[in-house]
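Hi there,

Here is the structure I promised to pass on to you. Please open it beside this email, and then read on for what turned up in it.

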Amino acid sequence: MSQINLTFPDGSVKQFDSGVTVKDVADSISISLGKKAVAGKFNDVAVDLRQELNQDGVIEIATKDSAEGINVLWQTAALILNKVLVDKYPEMNFGEAHVDEHGFYLDTEKPGQTQVAETDFDDLTAAMNQIVLANDSIELTSISQQEALKNAGDDPYQKQLVAELAQDGQVAVYRLGDFVSLAFAPVLSSTGKVKIFKLLSVAGAYWKGASSNPMLQRIYGTAFYKQKDLDAELARRQEAHERDHRVIGNQLDIFFVDPKVGAGLPYWMPNGATIRRTLERYIIDKELAAGYEHVYTPVLANVDLYKQSGHWDHYREDMFPPMDMGDGEFLELRPMNCPSHVQVYNHHKRSYRELPLRLAELGMMHRYEKSGALTGLQRVREMTLNDGHTFVAPDQIEDEFKKILDLMIDVYSDFDIHDYRFRLSYRDPENTEKYFDNDEMWNKSQKMLKAAMDDMGLDYYEAEGEAAFYGPKLDVQTKTALGGEETLSTIQLDFLLPERFDLKYVGADGEDHRPVMIHRGVISTMERFTAYLIEMYKGAFPTWLAPKQVEMIPVKNELHMEYAKQLQSRLLAHHIRIDIDDRNEKMGYKIRQAQVNKIPYTLVLGDHEVADQTVTVRKYGQKDTETMPFDDFVTLLNHDIETYSRK
Ligand code: ATP
C-alpha cells in the first residue's frame, strides 16, 4: 500500500497508509484526541472524520470548540431538518445547506402558494427531536451520478447541485435512514449530539444569490454543544433585534423602503427627515468652520465624464446603466462626486495661494448595489454622501490628512462614538492590475499614511486589497447591530484624477504644477450614518438630534391647555421641536407613550404648574420627575442641545 505524508499544525510530519481516515489519524495521536475529534481540516478545507486521505497534505484535527467543530454540528442539524422536511413535504425542492457566523440555513421551495413558516417550527422541532433521540447513524458513501440524479427527481436545484458535486461520475452523499443528502460539507457520524438546537426564522433568498433566479424560502437555525452557548446566542439575537435600525426605524417612523417602488431607495418620514436635516446642518457648519467651501453639483452627467475619470473602466458594475437620450447623448447617474468637484476646481485657473482648496457637498449618488447586499439605510442604491475633496500641493498632503483626521475625531466625540477601528487600506500586491498603475506612487503614499498615523499615535490595522482603484485610504470601521463591520468615514489619496483631468495650479515659481486630491467623507452617507446612530443610540437620540425633543402633557385639556400653548410658542421661538399630547387618553398612558417614542423630555402641566409658572419634567429613561421654573427648563434644554449632551 502506498504511503502519504501528513503535516501537523506544529510542523511535524508523519507517514500513513494511503486511504487512512481523519478519525484514524486523530486516534493515532492520542486516544483522548480521537474521542474529542468531530471533524478535520485538510489543506485548509473542512473534512469529515470518515474522509479517506489519499495524498500528502496539511492536516488539523477539529474538536468541538473550534470553528470546524461547531460548523459540523450546524451542518448535521441542517441535515436532520432536511430529512424532516422531506418526510413532511415529499414534493419540496431544496438548495444547499450553509453555515454562517451564528448557525445554519437551508433553502427550500414548496410547490404551491404556502411556504414553510415560523408557525411550523414547533412541529418541525418535535420531528427533529425524535431523530436526535434515536441517535441514528449517518453514513458517508458515494453513489453514481446517475443514481444521484434519480434521487433528485424533479428538483431543479438538486439536479444542478449533483452536477456541481460529481467527480468522475461519482457523487459523495450522506445516508440518514432512507434519506440521501448530497455531501457538500462534513457532518457528525450520528444524530445524537444535536441535542441543543433551535429553529430561528425564515426569509426569502434567491437561488445562488442572483436576483434573476427564483426566490427560495431560507430556514435559519442554530445548535450548540452546551445549553449556555445557545442561551448566549439567543440573548445576542434579541439584543441585535432591539438595536436593528430597520426595526427601530419602523417603530419610530423614521424611514421605509417599498420594494414596489424600488429596493434600496429609502423614503425618509418626517422623523427621519428631521434627524437628517439636523445632521446636514451640523456637518456643514463644522466644515465651514474647518475651511471647506460647500457647492451643489448635478447628479446627472454625460457618461464621457466617467470615462475620463476611470469610473467607467473600474467601477461600471456598481453604476446604473446610462440613459440613452436618443440624440447621441448618454447621461449617467453619478456613482461618486469626485468628477463633479474636479469640474469645480477646473472652472478657474488656480494658484498655490488657494491651496489647500477644500470643496464639500452633500452629494447625492447612485450605486447599483447587489440586491442581496441592500440593508435598510445601511446599504442603499440612492445615497447622499457628506463628501469633500481637498486639492493640495504634494508637500501639504500629510498636514491635510492630519487635519481631516482631527475633524473626524472631533465629530465622533460630538456623537459620542467610541467603538471604531482605523483601517489603512492598501492595494492588493497580488493583483496590481486592478489599480492605477504607478508603483512609486503606491509605495510612497501608503508609507506616508502609515507614518502620519504613527505620528498621531493612533492605533490602526492594515488591509491589503481594500484600497480604492486610484489610491490608498484610511477607513473608519464600525460594527453594525447584526455583527457585521461597515466603513463609516474615509480619507483617500488620489494621484490619478488630477492626471486624468489635467489639474494644475500656478506655483510660487510661476510654473504649472499638479495638485493631489484627497477624498474624504466624515459622517459617511446620510443613510449609513443614520442607520449607525439609530443602532448606537437604540433609537434614544440625544436631544439635539431627537425628532421630537419635548412632549407636553396637560393634565386636563380644558384647564391646562392654554398654559401648554403659551409654553409651546415660547419653545418654538427657541426652535425646539415640541408636541402637545391633547388626546383624550389617561395621563399615565400618554407618559408611557412618550417613553416608547423615546422623546427626551416629557412635561406634565397641571394646576400647580399653571399657578407657579413651572413645569414638571421627566427625562427619558428616568423614573423621577423634577418641578422647575419654566425658564430654568429652557436653560437646561438649550445647554443640552448646544453641548450635544447624551446624559
Ligand atoms: P463600501 O465598501 O462600504 O461599500 P466604498 O468603499 O465603496 O464603500 P466609498 O466610495 O468610499 O465607498 O463611499 C464613501 C462612503 O459612503 C463609504 O465609506 C460608506 O460609508 C458610504 N457608502 C458607500 N456605499 C454605500 C451604500 N451603498 N449605502 C450607504 N452608504 C454607502
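Let's begin with a term: a salt bridge here is a side-chain nitrogen of Lys or Arg within 4 Å of a carboxyl oxygen of Asp or Glu. In general, side chains of opposite charge can pair when their charged atoms come close. Please keep in mind that this is a predicted model.

**Salt bridges**

How many salt bridges does a search of the whole structure find? The search gives 43. I picked out three pairs for you to look at.

Start with Lys-286 and Asp-410, which form a salt bridge with their closest N and O atoms 2.8 Å apart. This pair ties together distant parts of the chain, since Lys-286 belongs to helix α9 (residues 270–289) and Asp-410 to helix α13 (residues 397–415), 124 residues apart. Is Lys-286 buried or exposed? Its relative accessible area is 18%, and buried means under 20%, so Lys-286 is buried. Asp-410, in contrast, is partly exposed at 33%.

Next, find Glu-164 and Lys-208, another salt bridge, where the closest N and O atoms are 3.0 Å apart. Here too, distant parts of the chain are linked: Glu-164 sits in helix α6 (residues 156–165), while Lys-208 is in the loop between β13 and β14 (215–224), 44 residues apart. Glu-164 is partly exposed, with a relative accessible area of 42%, and Lys-208 is also partly exposed, at 41%.

The third pair is Asp-178 with Lys-83, and their closest N and O atoms are 3.4 Å apart. Asp-178 lies in the loop between β11 (170–176) and β12, and Lys-83 lies in helix α3 (residues 67–88), so this salt bridge connects parts of the chain 95 residues apart. The partners have opposite surroundings: Asp-178 is exposed, with a relative accessible area of 66%, whereas Lys-83 counts as buried at 10%.

Salt bridges can also share partners, and in this model that joins Glu-239, Glu-242, Arg-243 and Lys-538 into one network.

**A small sheet**

Now turn to β18, β19 and β20. These 3 strands form an open sheet in the order β18-β20-β19, with antiparallel pairing. Why is one side of β18 left without a neighbour in the sheet? β18 (300–302) stands at an edge and has a single partner strand, and the same goes for β19 (323–324), so each of them has one side with no neighbour in the sheet. Between β18 and β20 (residues 330–333), which run antiparallel, there are 3 bridges. If you would like to trace one contact, look at Ala-301, whose bridge partner in β20 is Glu-332.

**Patches on the surface**

Which residues gather in a patch of positive charge on the surface? They are Lys-64, Lys-193, Lys-195 and Lys-226. Of this group, Lys-193 is in the loop between β12 (179–182) and β13 (196–206), and Lys-193 is partly exposed, with a relative accessible area of 41%.

There is a nonpolar surface patch as well, of about 260 Å², made by Phe-256, Val-261 and Tyr-267. Tyr-267 is part of strand β16 (residues 267–268), and Tyr-267 is partly exposed, with a relative accessible area of 36%.

Enjoy exploring, and write back with any questions!

Best wishes

Note on methods:
Residues are numbered from 1 along each chain as its sequence is written. This is a predicted model: local features need pLDDT of at least 70, side-chain atom pairs count only at pLDDT 80 or more; totals for chains, interfaces and linings use all residues. Side-chain values use heavy atoms; hydrogens and water are left out. Patches are made of residues with over 30% relative accessible area and no salt bridge: like charges are joined within 9 Å, nonpolar side chains (Val, Leu, Ile, Met, Phe, Trp, Tyr) within 5 Å. Accessible areas come from the Shrake-Rupley method with a 1.4 Å probe; for residues, only the protein chains shown count as cover. Lys and Arg count as positive and Asp and Glu as negative; His and the chain ends are not counted. The place of a charge is taken as NZ of Lys, CZ of Arg, CG of Asp or CD of Glu. Helices (H or I, at least four residues) and strands (E, at least two) are DSSP runs, numbered from the N terminus. Buried means under 20% relative accessible area, exposed over 50%, partly exposed in between (1.4 Å probe, protein chains only). Two strands pair if DSSP finds at least two bridges between them.
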